[in-house]
Amino acid sequence: MRFMHYSEEEGCKVGANLLNNYGEAVAMVLFVIGFGNLMLQSNLIKKIIGLNIMDTAVYLFLAEKGYITGRAAPIVADGVQSAEAYINPVPSGLVLTGIVVSVSVSALMLSLTIRLYQRYHTLDLDEISLQLKKEGL
Amino acid sequence: MSGQMELEFVQNFPCFSIMFCMFAGIISSAFKEKIARVLNIAVLTVNIILSAAVLLFTVRAGNYVYVMGKFPAPWGNELRIGVLEAGLALFFCVIMLLCLLGGRHKLVQEVEEGKQGLYYVLTDLMLSSLLALIYTNDLFTAYVFVEINTISACGLIMIRQNGRTIEAAVRYMIMSLLGSGLFLVGICMLYDLTGHLLMSNIQAEIGRIVAEGAYRPPLLVTIAIISVGLAIKSALFPFHAWLPDAYGYSTVSSAAVLSSLVSKGYIFLLFKIIYRVIGFDVFHDSKIVNMLFIFGLMGMVFGSLSAIKENDVRRMIAFSSVAQIGYIYMGIGMGTQVGMVASVFHVLSHAATKSLLFISAIGLTDVSGGSRKFIELTGSGYRNKCAGMAFSVGSLSMVGVPMFSGFISKLLFSQAAVQNEGKMLPTLIVLGISTILNAIYFMKTVIRIYTPVDDVEYPTVSWGENKIYAAVLLCFVALNVFLGICSQPIVDLIEKGLGMFA
Amino acid sequence: MTVFQYILLGFLVVCAISVSFSRKLLNSILIFMSYSLVMSIIWICLESPDLAITEAAVGAGVTSVLFFVTLKKIHAIDESGTKDERESMIERRRR
Amino acid sequence: MSRMKSEEEYRKTKAFHFFRWLSGEKDPYIGNLEMRPQKEYMRAEDSILDRMRESQMVMDKVYDTRHNRWLLLFRRFYRIMAVIFCIMLAGLLLFTVSYLPPTGNASNPDNNEVASRYIESGMQETGAVNIVTGMILTYRAFDTFGETNVLFIATCCVMIMLMVEDAELKKQEVMNDRRFEPKNDAILQGTAMVLVPVIFIFGIYIILNGHLSPGGGFSGGATIGAGMILYASAFSFKDTQRFFDEKVYKIAKISALCVYGLIGIYYYVTGANGIENHIPLGIPGHIVSAGIIFPINICVGLEVACTMYAFYALFRRGGL
């Protein structure tokens, strides 16, 4: 059960699949870019774009995971039903669920942005909190 | 295949309770505020009855698996109901009902007329998502309902529309979206490593992985990512920037529900993941427990310090809930069974006490001209006797005076610390420090509200004027004292449930 | 095919970085729209057409439209939309 | 014997004055010391103004975003820490990816009995030719119902945020809705006249063939919503309200969700209790087949279309 020791001595060298998993690598880079936008950008709209980039990066990761080389899309064509014919359908379902979640979340964030702008005429969250301090609400 | 065998009718109740909440939310979005409120209270009462029946059944017959649909374990969705799940569902329904009843008069004042119906829609859907988070046996279902929970919590914050609440809602959304992004990545990696989404199958696969020794580093990173994501969502110490505004300025029932239920839902999901997905031993062997432990200790101290600095009652209570969440994570971070039991009990006691504090604080501020500053609150305990009594009970329980619930959880925490030799000293020291700090700021408030002031320009409220409010406060106090006095059966129940969990 | 995928993935990264560093909000939203379209093409290459259709309709279609309406609401695309959004905001506050 | 001094001589001596002063009969300085009434201290106006200006300057210095040194320092520190955190996260995730099983490999752990059962017996068990649709609407139906509720609750929150109840505020919103836009653009309207029916038909096709071909409720609903958005932006909202106003929206959305929920609860309960549910699967490949998938696709499509259009309308003019 104690697997920490092994992982520490393996942890120094990077595993072998990095070049093979280039899709996942790009997805993770995109995820971090979106994460950083969501965390660092002062402009709310760019925060929301970063949120969308983050979500789509995760979905790209899932889609890459579902892909199997040389197999077709999971739609039964002329009665062939062997598991060797089609790619893994599960990640597609998960991504289909996730896309709708992300669009609703971004719509909610955009509505909040509109209201904040109509009140304070700025998109910078820190300036908004400073104005709130000033008006001492 | 447990799905195919004949079930008792009681076993359908969890599915029914989730679906009832969703139906209530959907239907009441068509009607006016009055019908929505009646529907909401009816659904909450029905849910209390159903959860109580499920709790009795599980205590009698042990835990069982409920297949949502025709297809059993690795193929379809599942609910898994045990003692702990049923008890927590019952508790959450009771707390939510009391919070909504207690905060209603403020809701009518603070939310504009046409939008009070939507408030009850949000609460219905939030309750359904909480129940689904409690009952579900599937990680991706958990993710979807975490999103529902986040969106409805944001709606509860922003429905009182002033600048503070909208800004707080934006900050809350940003933090919790960072958290859910990390959580989703963790789920995807787990799926990639194990090929399952159902908790039981994932646990079996992880056991095999750890035994074989393949994929150890990604598994470790995955555990870390999931824990950090859920910690961000439940406002662990470094990530609590959104919390004081969100709790301090939203309408009072929202503040009570958020502080007592929403974060607890995420924490319970973390419990489930530790026990049922990753496995307790694997989680205990990883270094993440120490990380959670350290952050919990920091939260206990810094939350209390910033609560001492506040001069606004509701923000002070909000900061103290940062400290209490630190307690819970400290209990998780001990990595022992006893610590887990203490954390679960603290979830219960904190939910009861914090909502009591919020709702009684609103009574005190109402008789002080609506101002939350301490200087205005002087003597308000005499002007609104019932709220003052309830507030002092809550404060005593938070400080950890015997015969109240907070004392029991502190006792359990210290027992867990004594049994864990490595982390005993820091735990006991920080527990003592944060108890002293709690005592400082809560006793300051209690003394302030019971300081007699000669020229009283504010009106005096008697018990009978708002009967529902007084009754809610009495129920909360009774719940608190019940948790404090006959705690042994509850602790036994929690231990039984955690035993069934693994 | 793999070369095509390399190109598209590189385009994704370029889009994401340039979104974060572009100064005008309108440009960043247009770049994000093309990002979604490229993403849906990649999903077609990955043999999942359902995702491609949904992403093209939701991500590239509706989400971008919502972004544009938001920009219009906050007056970032009107006669002052040509200059930097921040300074136009500052001068609006002076008024 | 001492000689007596006369009274008037004695009154001139210093001793007499001294003793008289001691006994307090008379103040020696009275008469030869002038007393002036003291005028009270009065602060000058400009000093008050100076002080107020100073406090104002202090306030500005404290709350000034750009010139407050400590605030800027804190922000820079926060940014640097966040950048470092992001870089560490990137390194960690890439390190993890390098250990994950290889892409496109058929023997990965995620291509296990679950996926193979979905593929091999999915068509017989769900009646859907499109395995993904069959999976998300039959095997994992609970997820999808939760997801539909995510859309619903997001619409509720956007309504709370942007719905304008007040009458003249609403009129004002509608007034400045079309600023900087041509009212009746001939090119746009002509294109919309041609495109909107095509888009609607395409969306309906996607929804109805969701179990036979790529697509399904979500993509088709989003397509129909995009068509409605195009119609509403080419013409005015009045033309849209002729066939889609708030009442229709509420009826459509709530009926769709309720039908979906009823089908779902019937399906869950019968499946869990092992009762045979009486929904025929039909022949795979026909339009009306695949048991519960066909009606659920229609409901989801309706819900998604309503939601997308509602987002747009609420953003544009604070009401449907």
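**View 1. Where chain B meets chain D.** Together, chain B and chain D bury about 5,300 Å² (buried area is the accessible area, taken with a 1.4 Å probe, that two parts lose on being put together, summed over both), and 72% of that is on carbon and sulfur atoms. On the chain B side, B:Ile26, B:Phe71 and B:Trp75 give up the most area to chain D, together 14% of what that side buries. Contact here means heavy atoms within 4.5 Å, and by that rule 62 residues of chain B touch 50 residues of chain D. A heads-up: this is a predicted model, where local features need pLDDT of at least 70 and side-chain atom pairs count only at pLDDT 80 or more, while totals for chains, interfaces and linings use all residues. Residues are numbered from 1 along each chain as its sequence is written, chains are lettered from A and ligands numbered from 1 in the order in which they are written, and side-chain values use heavy atoms, leaving out hydrogens and water.

**View 2. A salt bridge between chain B and chain D.** How many salt bridges does the rule find across this interface? Just one, if we ask for a side-chain nitrogen of Lys or Arg within 4 Å of a carboxyl oxygen of Asp or Glu. D:Arg140 pairs up with B:Asp138 in a salt bridge, with 3.0 Å between the closest N and O atoms. The side of chain B that touches chain D breaks down into 40 nonpolar, 16 polar and six charged residues (Ala, Val, Leu, Ile, Met, Phe, Trp, Tyr, Cys and Pro count as nonpolar, Asp, Glu, Lys and Arg as charged, and the others, Gly among them, as polar).

**View 3. Chain D against chain A.** This contact takes 58 residues from chain D and 61 residues from chain A. About 5,300 Å² is buried between chain D and chain A, and carbon and sulfur atoms give 70% of it. The salt bridge count for chain D and chain A is zero.

**View 4. A close look at D:Gly319.** Find D:Gly319 in the segment after helix 13 (293–317) of chain D; helices are DSSP runs of H or I, at least four residues long, numbered from the N terminus. Is D:Gly319 buried or exposed? D:Gly319 counts as buried because its relative accessibility is 1% (buried means under 20% relative accessible area, exposed over 50%, partly exposed in between, with a 1.4 Å probe and protein chains only). Skipping neighbours within four places in sequence, D:Gly319 is in contact with D:Met163, D:Lys170, D:Ala313 and D:Leu314. D:Met163 and D:Gly319 are 156 residues apart in sequence, yet 5.4 Å apart in space, C-alpha to C-alpha.

Notes. Helix = DSSP H or I, 4+ residues; strand = E, 2+ residues; numbered from the N terminus.
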